[in-house]
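Colleague: Please take me through this model by question and answer. I would like each value with the reasoning behind it.

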Amino acid sequence: MTDWYPQGKTSVQSRFNIPGRYAWAIMETPGFVALLYCMLTIPVQQGLEELPGANWLMAILYTVHYLYRALIAPLVLNPSMSPIHPFVFASAFIFQVINGTCIGGYLAGYGPITAADWSGTMIRIEIGLMLFFAGFIGNIFHDDDLREIRRAAAKNQERKAQAQGERAKAGGVDKVYMIPENGLFRVVLYPHYFCEWIEWIGFWVIGGWACVPARIFVLNEITTMLPRVYRPEIN
């Protein structure tokens, strides 16, 4: 509906912009924090002695993804990140709180609450796990392809600065955008997004059709990311 997207390579200048690394970490973290809070508090409120292992499996998968996406990637691995507009920050923060609460609530007491509820689902869980980890690994692989561009640019910047007897810019490089030619970059513009869809489809498969929060999460991911993924020149 609009091409205004004040983040990353389409970020806009604003005195209110938030440094990318910290904005990303803060706006993405509430999801798994809300989920874990639900997992630790709702069973007590509902009088449940323990939750099925499959519930905890899904909670762990969700947490592992966001430990990487919210903390490790921006704060440790990414050489640099563009500033993020407060509108994007606030929207993502609110989404994460709602999404983490919905999925956490389902897993913590408002969905399957006994081992019998998961009876006969082993094959479905195994298929879901394969999809989840295929997507997760693909996500990391393509993310690192993009990071390598920033690393190479930072090294070039440092060499040029040394040749001129100057000190390289602190904090890495910004606004260096190229399209890698490895993996799924040959087919789609944002293969890390595509792999994330596969990841969350696998998550939904584990939970089954009745896991409405996971289903809605997948639909939200695809509908918000799809307009940025397709590369028409390859068609």
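**Rings, cores and burial**

Modeller: The model is predicted. One ring to begin with is F133, which is partly exposed, with a relative accessible area of 37%.

Colleague: Which residue forms an aromatic pair with F133 that is edge-to-face, and is F132 buried or exposed?
Modeller: The rings of F132 and F133 lie 5.4 Å centre to centre, with 85 degrees between the planes. Planes over 60 degrees apart count as edge-to-face. The partner is F132, whose relative accessible area is 0%, so F132 is buried.

Colleague: What are the elements of the chain, from the N terminus on?
Modeller: The chain has six helices and zero strands. The order of its elements is therefore α-α-α-α-α-α.

Colleague: Which helix gives the largest share of the largest nonpolar core?
Modeller: This core holds 30 residues, and Y62, L107, W200 and F203 touch the most other members. Elements giving two or more residues to the core include helix 1 (20-46), helix 4 (122-163) and helix 5 (191-207). The largest share is eight residues, and it comes from helix 2.

Colleague: Which residues does W200 touch, not counting those up to four places away in sequence?
Modeller: A contact requires heavy atoms within 4.5 Å. With residues up to four places away left out, W200 touches Y62, H65, Y66, F132, F217, V218 and E221.

Colleague: How many residues apart are Y68 and F136, which form an aromatic pair?
Modeller: The structure holds 16 aromatic pairs. Y68 and F136 form one that is edge-to-face, at 5.9 Å centre to centre and 85 degrees between the planes. Y68 is buried at a relative accessible area of 6%, and F136 is buried at 12%. The pair links distant parts of the chain, with Y68 in helix 2 and F136 in helix 4, and the two are 68 residues apart.

Colleague: Why does T41 count as buried, and which residue has its backbone oxygen 2.7 Å from a polar atom of the T41 side chain?
Modeller: T41 lies in helix 1. Buried means under 20% relative accessible area, and T41 counts as buried because its relative accessibility is 19%. The backbone oxygen at 2.7 Å from a polar atom of the T41 side chain belongs to Y37.

Colleague: At what distance from the ring centre of W209 does R215 lie?
Modeller: A charge sits over a ring only if CZ of Arg is within 6 Å of the ring centre, along with an angle condition. R215 lies over the face of W209, and the distance from the ring centre is 4.2 Å.

Conventions
Residues numbered from 1 in each chain as written. Predicted model: local features only at pLDDT ≥ 70, side-chain atom pairs only at ≥ 80, totals over all residues. Heavy atoms only, no water. Helix = DSSP H or I, 4+ residues; strand = E, 2+ residues; numbered from the N terminus. Core = buried A, V, L, I, M, F, W, Y, C linked by side-chain atoms within 4.5 Å. Buried < 20%, exposed > 50% of the residue type's maximum accessible area, 1.4 Å probe, protein only. Polar contact = N/O pair within 3.5 Å; in protein donor to acceptor, adjacent residues only side chain to side chain. Phe/Tyr/Trp six-rings, centres within 6.5 Å; stacked < 30°, edge-to-face > 60°. Lys NZ or Arg CZ within 6 Å of the ring centre and 35° of its normal.
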